[in-house]
Amino acid sequence: MLLSLVLHTYSMRYLLPSVVLLGTAPTYVLAWGVWRLLSAFLPARFYQALDDRLYCVYQSMVLFFFENYTGVQHGGIYVKRSAKFNEKEMRNKLQSYVDAGTPMYLVIFPEGTRYNPEQTKVLSASQAFAAQRGLAVLKHVLTPRIKATHVAFDCMKNYLDAIYDVTVVYEGKDDGGQRRESPTMTEFLCKECPKIHIHIDRIDKKDVPEEQEHMRRWLHERFEIKDKMLIEFYESQDPERRKRFPGKSVNSKLSIKKTLPSMLILSGLTAGMLLTDAGRKLYVNTWIYGTLLGCLWVTIKA
């Protein structure tokens, strides 16, 4: 009986980070909203500075759990779009950031969706599309789409030095030797992903073709490189080359000193709010109306 209780409790260990991350969200939203109001009549750089700091505090708390709670190891950092894509909207949004001089980075997933070996129809359609276009058929990645990548590069090319090609692998296989589906957030927090491997390749801007059709070929070639690396990672007959990427591996782990303060600050502020009647009312209203306004905003933007 006691053993069953222990096992059940252990299987629910993802609840702690989930409760803390979700529970402190209203505190973060309130802090951001207050600062937004206070800085309304100040130069944009003042708002941006503290806005970036608030975001870093919340992300540091997220990293506290992923770095120190899950027990997942970094296998190493190896240095060496959606269906409703709207080109005009993306160009306008990027241009507004560029014109305002806003510091930013942009992450694009050219595959359009996550690779999932269990979604055989998606894989077959992706491979058939590549074959029809005379492109190499890929095994461990989907055929990349070009529009969002081309628009982003076209808008930002005068402000870039390079782009970074990042490949992430969650280590693990089924008993049959097949690649597994990427872990869910719950599985990740339950330590069911032993290691993460990240390969980063820096590509100088001058090496990226600007014309869309040429960029399409170039992007597919980049994904061919990814596919070959993943085939080697999962299927190499050499044990020394399996479950690793080419290049020198650098283990990167944030110290608890850099992540714990953020967790304590946000948790402390949240606990302080919940200790008073006014604070609890403000907290609950933020949850309710913040969620409704957020859904409304997403609906309008879609």
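Where is the place of Lys-243? I looked this up before anything else, and Lys-243 turned out to be in the loop between helix 9 and strand 4 (249–250). I should jot down early that I'm working with a predicted model.

**Entry: Lys-243**

I checked the backbone here and found a positive phi of about 60° for Lys-243, although this residue is not a glycine. Most residues other than glycine have a negative phi, so I put a star next to this entry. Is Lys-243 buried or exposed, or something in between? Lys-243 has a relative accessible area of 37%, so I noted it as partly exposed.

**Entry: the whole chain**

Next I zoomed out. I got eleven helices and four strands for the chain. There are 302 residues, and 32% of them count as buried. The chain exposes about 19500 Å², and carbon and sulfur atoms supply 61% of that area.

**Entry: helix 7**

I went to helix 7, which covers residues 147–156. How many of its ten residues are buried? Eight are, so helix 7 is largely enclosed by the rest of the structure. I wrote down the buried ones: Ala-148, Thr-149, His-150, Val-151, Ala-152, Phe-153, Cys-155 and Met-156.

**Entry: helix 7 against helix 9**

Helix 9 spans residues 212–235, and its axis comes within 10 Å of the axis of helix 7. The two axes cross at roughly 115°, and I noted the crossing as right-handed. Which residues meet there? From helix 7 I have Thr-149, His-150 and Phe-153, and from helix 9 I have Gln-212, Met-215 and Leu-219. Sorted by class, this contact has three nonpolar residues, three polar ones and no charged ones. Two of the helix 7 residues in this contact, His-150 and Phe-153, are three places apart. In an α-helix there are 3.6 residues a turn, so residues three or four places apart point the same way.

**Entry: the cores**

I then looked at the largest nonpolar core, which has 16 residues. Which of them touch the most other members? They are Val-169, Val-208, Met-215, Trp-218, Leu-230 and Phe-245. Helix 9 gives the most to this core, with eight residues. Met-215 was already in my notes, as one of the helix 9 residues that meet helix 7. Apart from this core lies another one, made of twelve residues, including Leu-21, Met-61, Phe-64 and Phe-65.

I picked out Leu-230 for its contacts. Leaving out residues up to four places away in sequence, Leu-230 touches His-140, Val-141, Thr-167, Val-169, Arg-179 and Phe-245. Val-169 and Phe-245 are on my core list as well.

**Entry: Phe-233 and Tyr-234**

Both of these sit in helix 9: Phe-233 and Tyr-234. Phe-233 has 1% relative accessibility, so I count it as buried. Tyr-234 has 6% and counts as buried too; the cut-off is under 20%.

What does Phe-233 touch, not counting residues up to four places away in sequence? My list reads Val-169, His-197, Arg-242, Lys-243, Arg-244 and Phe-245. That brings me back to Lys-243, the loop residue with the positive phi.

I also looked up two C-alpha separations. Phe-233 and Pro-246 are 13 residues apart along the chain, with 9.1 Å between their C-alpha atoms. Tyr-234 and Glu-171 are 63 residues apart along the chain, and their C-alpha atoms are separated by 9.0 Å.

**Entry: Val-137**

My last stop was Val-137, in the loop between helix 6 (120–132) and helix 7. With a relative accessible area of 48%, Val-137 is partly exposed. Val-137 touches Gln-127, Ala-130 and Ala-131, again not counting residues up to four places away in sequence. The C-alpha atoms of Val-137 and Ser-126 are 8.4 Å apart, and eleven residues separate the pair along the chain.

How values were computed
Residues are numbered from 1 along each chain as its sequence is written. This is a predicted model: local features need pLDDT of at least 70, side-chain atom pairs count only at pLDDT 80 or more; totals for chains, interfaces and linings use all residues. Side-chain values use heavy atoms; hydrogens and water are left out. Axes are lines fitted to C-alpha atoms, for helices over the stretch in contact, and angles run from 0 to 180 degrees between N-to-C directions. A crossing is left-handed if the near helix is turned anticlockwise from the far one by less than a right angle, and right-handed if clockwise. Contact means heavy atoms within 4.5 Å. Ala, Val, Leu, Ile, Met, Phe, Trp, Tyr, Cys and Pro count as nonpolar, Asp, Glu, Lys and Arg as charged, and the others, Gly among them, as polar. Buried means under 20% relative accessible area, exposed over 50%, partly exposed in between (1.4 Å probe, protein chains only). Accessible areas come from the Shrake-Rupley method with a 1.4 Å probe; for residues, only the protein chains shown count as cover. A nonpolar core is a set of buried Ala, Val, Leu, Ile, Met, Phe, Trp, Tyr and Cys residues joined through side-chain atoms within 4.5 Å.
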